[in-house]
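Please open the model in your viewer and keep the selection tool at hand. The stops below are arranged so that each selection leads on to the next.

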Amino acid sequence: LRSSVHRCAVPETKIRWSMPFPEYDPPDYTDPKLLGRKWADPDIPDGSFKWNAVDGKVNRVSFVGAYAFDSMARPMNPIGRTGLRGRGVLGRWGPNHAADPLVTRLKNGKLQFVAIRRSDTGEWAIPGGMVEAGEEVSQTLKREFSEETLDGKIRSELEQLWKNGRELYRGYVDDPRNTDNAWMETVCVNFHDTTALLDNVELKAGDDAVNVRWVTVDSHEPLYASHEDFIALLKKLHGVK
């Protein structure tokens, strides 16, 4: 994303690090725009890191388990090779933690969820974003929904909605930004509006969303990254076939 660097091909049978792949020599790329940003890590030689632990206010623990390190002391993607070394466009080495609020309602007997159109890929997606340093996931869920679907407005009438979340998924995400040394992990939580709280709330895209709307779960709308998997979990939770 957002670069002219191309990944090298990785055969399905060679993804796991345990599989020999002596000719594997992918490009090594970290977006220059990340350098010096307060919310992004420094280069490995320039920083002091506590891996597989909570490092000050930054959570470097992976949901997958303890990760290993390459010859340059950089975290290794626990799933395997991606065709790209470095951080790419991700801010953190190792796990980059996100949170995805999946807000739903029943409308005319149909289960619907709030979706945004991403500005970077143009794809429809569940709202969500990075957990900031020192932030609780519960805070991220509310903040990201407000920023991306309510144009940053805090709606006090939705406080009851945030009290009844049901976790759908916690783990690694098959995301196009993943590299050999940095990867996305998320917590996806369903907030189901049973009392029509959102019927009188105007949705308005903000932050890095360019559009927002309600989508019916059986509309087969193509979604970003692993988000279609989250919708499958949502349908199972609500008994939708």
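**Stop 1: Asn-190 and its surroundings**

In this predicted model, begin by selecting Asn-190, which, leaving aside neighbours within four places in sequence, is in contact with Leu-102, Thr-104, Asn-164, Gly-165, Arg-166, Leu-168, Leu-234, Leu-237 and His-238. Asn-190 is found in strand E10, and at 1% relative accessibility Asn-190 counts as buried, because the cut-off for that class is under 20%. For a sense of distance, add Thr-121 to the selection: Asn-190 and Thr-121 are 69 residues apart in sequence, and their C-alpha atoms are 24 Å apart in space.

**Stop 2: Leu-237, a contact in helix H3**

Move next to Leu-237, which is found in helix H3 and touches Arg-166, Leu-168 and Asn-190 when residues up to four places away in sequence are not counted. The C-alpha atoms of Leu-237 and Asn-190 are separated by 9.5 Å, with their positions 47 residues apart along the chain. Is Leu-237 buried or partly exposed? With a relative accessible area of 32%, Leu-237 is partly exposed.

**Stop 3: the whole of H3**

Now extend the selection to helix H3 (227-237) and colour the buried residues of H3, which are His-227, Phe-230, Ile-231, Leu-234 and Lys-235. Looking down the axis of H3, you will find that these buried residues fall within an arc of 145°, so they line one face of the helix. An α-helix has 3.6 residues a turn, so residues three or four places apart point the same way. Which elements cover the buried residues of H3? The cover includes E5, E6, strand E7 (124-125), strand E9 (165-172) and E10. Past the helix, select Gly-239, which follows H3 and has a positive phi near 70°.

**Stop 4: the largest pocket**

Display the largest pocket, which has a volume of about 1,300 Å³. Of the 50 residues that line this pocket, those closest to its centre are His-97, Gly-129, Met-130, Val-131 and Arg-177, and these make a convenient selection for centring the view. At least two lining residues come from each of strand E3 (58-59), strand E5 (94-107), strand E6 (110-118), strand E8 (129-130), helix H1 (137-149), strand E10 (182-193) and helix H3. If you colour the lining by class, 20 residues are nonpolar, 10 are polar and 20 are charged.

**Stop 5: the annotated span**

Select residues 95-237, which an unreviewed UniProt entry annotates as "domain: Nudix hydrolase". The end C-alpha atoms of this span lie 27 Å apart, and the span is 20% helix and 38% strand.

**Stop 6: loop residues**

Asn-108 is found in the loop between E5 and E6, and its phi is near 55°, a positive value in a residue other than glycine. At 78% relative accessibility, Asn-108 counts as exposed. Asn-52, in the loop between strand E1 (28-30) and strand E2 (54-55), also has a positive phi, of about 55°, although Asn-52 is not a glycine; with a relative accessible area of 29%, Asn-52 is partly exposed.

Finish with Pro-32, placed in the loop between E1 and E2, which counts as exposed at 53% relative accessibility. Selecting Asp-229 together with Pro-32 gives a C-alpha to C-alpha separation of 32 Å for two residues that are 197 residues apart in sequence.

Key:
Residues numbered from 1 in each chain as written. Predicted model: local features only at pLDDT ≥ 70, side-chain atom pairs only at ≥ 80, totals over all residues. Heavy atoms only, no water. UniProt positions renumbered as here; feature names shortened; annotations may be inferred. Helix = DSSP H or I, 4+ residues; strand = E, 2+ residues; numbered from the N terminus. 1 Å grid on protein atoms, 1.4 Å probe; cavity = no way out; pocket = protein on both sides within 12 Å on 5 of 7 lines; lining within 4 Å. Points joined across faces, edges and corners; volume = space filled by probe spheres on them. Nonpolar A, V, L, I, M, F, W, Y, C, P; charged D, E, K, R; others polar. Buried < 20%, exposed > 50% of the residue type's maximum accessible area, 1.4 Å probe, protein only. Arc of directions from axis to C-beta. Contact = heavy atoms within 4.5 Å.
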